[in-house]
Amino acid sequence: MSFEEQREQMVLEQLLARGLTDERLLAAFRKVPRHRFVPPELEAQAYTDHPLPIGAGQTISQPYMVALMTSRLVLQGHERVLEIGAGSGYQAAILAELALEVFSVERIPELLRAAAERLGALGYLNVHFTAGNGSLGWAAHAPYDAIVVTAAAPEIPEPLLAQLADGGTMVLPIGPPEGQMLVEARKRHGTVTQREIASCVFVPLLGRYGWT
Ligand code: SAH
């Protein structure tokens, strides 16, 4: 099967069949070449229903998890989005398809460099990367209409809440390294409400406001 056919199968069996039906969301997953975001020796597994190692002890999330998190942001195309934990850059590419601008923070410089090169090679001009401790957010470009954190924190990092625009939505895994709850937080007129989405397992968010 070609990569394109594998991608279509991923969309039908892993996303659509599990209730993710938004056409713009599905179009983004049909378009972004996930096999370009994994190490060459894992290319053949790129479209399987699993997270995969990307080096430096980190992982690219399972396609369904990326889609589930992204779906909760309900992006329409005009948003400025902050991602914490660029990793491979795959989620950043999906976000770039659905929003106006993406800002992504990664603490491991070699992962950041590889992600930036990939997105450059694929022609994405609306993704901006920086190296650093993402639990502090990226204050220079705040506020953000949407924030997605792809590593698990003990609780919602205060700086991220502060950088979320009024009317904005944040999605993040909350809990210890063994297992977490995916949480959606919305800020409306200054008040934050939280909703639990699903249990999940992410690598820990390190640094201040993360796990030390
Ligand atoms: N969104 C990624 C998945 C990345 S896994 C993808 O699509 O491939 C989580 C990433 O969070 C790892 O790369 C890890 O290095 C990073 N991370 C962990 N703690 C961090 C922190 N405090 N600041 C920034 N990045 C962090």
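A residue counts as buried when its relative accessible area is under 20%, and that cut-off will serve us in the close-ups below. The model shown is predicted.

**View 1. Phenylalanine 37 meets tyrosine 90.** Let us start with two residues that fall under the cut-off: phenylalanine 37 and tyrosine 90 are both buried. Phe29 joins Phe37 and Tyr90 in one aromatic cluster.

**View 2. The whole chain, for orientation.** Stepping back, the protein chain is built from 6 helices and 9 strands. Its radius of gyration is 16 Å, close to the 17 Å given by the globule rule for 212 residues, so the chain is as compact as a globular protein of that length. The C-alpha trace spans about 50 × 35 × 35 Å along its principal axes. Of the 212 residues, 51% are buried. Taking contacts between residues at least 6 apart in sequence, 55% join residues at least 24 apart.

**View 3. The surface and its charges.** Here the accessible surface of the protein chain comes to about 9,500 Å², and carbon and sulfur atoms account for 53% of it. The chain carries 17 positive and 23 negative charges, and the mean positions of the two sets are 3 Å apart.

**View 4. A tilted pair, phenylalanine 3 with tyrosine 47.** Searching the whole structure turns up 5 aromatic pairs. In one of them, the ring centres of phenylalanine 3 and tyrosine 47 are 6.2 Å apart and the planes meet at 45°, so this pair is tilted. The two partners come from distant parts of the chain, 44 residues apart: phenylalanine 3 belongs to helix H1 (residues 3–15), while tyrosine 47 sits in the loop between helix H2 (23–31) and strand E1 (52–55). How exposed or buried is each partner? Phenylalanine 3 has a relative accessible area of 27%, so it is partly exposed. Tyrosine 47 has a relative accessibility of 5%, so it counts as buried.

**View 5. An edge-to-face pair, phenylalanine 37 with tyrosine 90.** We now return to the residues of the opening view. What is the geometry of the rings of phenylalanine 37 and tyrosine 90? Their centres are 5.5 Å apart and their planes are at 70°, so the pair is edge-to-face. This pair, too, links distant parts of the chain: phenylalanine 37 lies in the loop between H2 and E1, and tyrosine 90 in helix H4 (residues 90–98), 53 residues apart.

How values were computed. Residues are numbered from 1 along each chain as its sequence is written. This is a predicted model: local features need pLDDT of at least 70, side-chain atom pairs count only at pLDDT 80 or more; totals for chains, interfaces and linings use all residues. Side-chain values use heavy atoms; hydrogens and water are left out. Helices (H or I, at least four residues) and strands (E, at least two) are DSSP runs, numbered from the N terminus. The radius of gyration is taken over C-alpha atoms; the globule rule is 2.2 Å times the number of residues to the power 0.38. Buried means under 20% relative accessible area, exposed over 50%, partly exposed in between (1.4 Å probe, protein chains only). Contact means heavy atoms within 4.5 Å. Accessible areas come from the Shrake-Rupley method with a 1.4 Å probe; for residues, only the protein chains shown count as cover. Lys and Arg count as positive and Asp and Glu as negative; His and the chain ends are not counted. The place of a charge is taken as NZ of Lys, CZ of Arg, CG of Asp or CD of Glu. Rings of Phe, Tyr and Trp (its six-membered ring) pair if their centres lie within 6.5 Å; planes under 30 degrees apart count as stacked, over 60 as edge-to-face and the rest as tilted.
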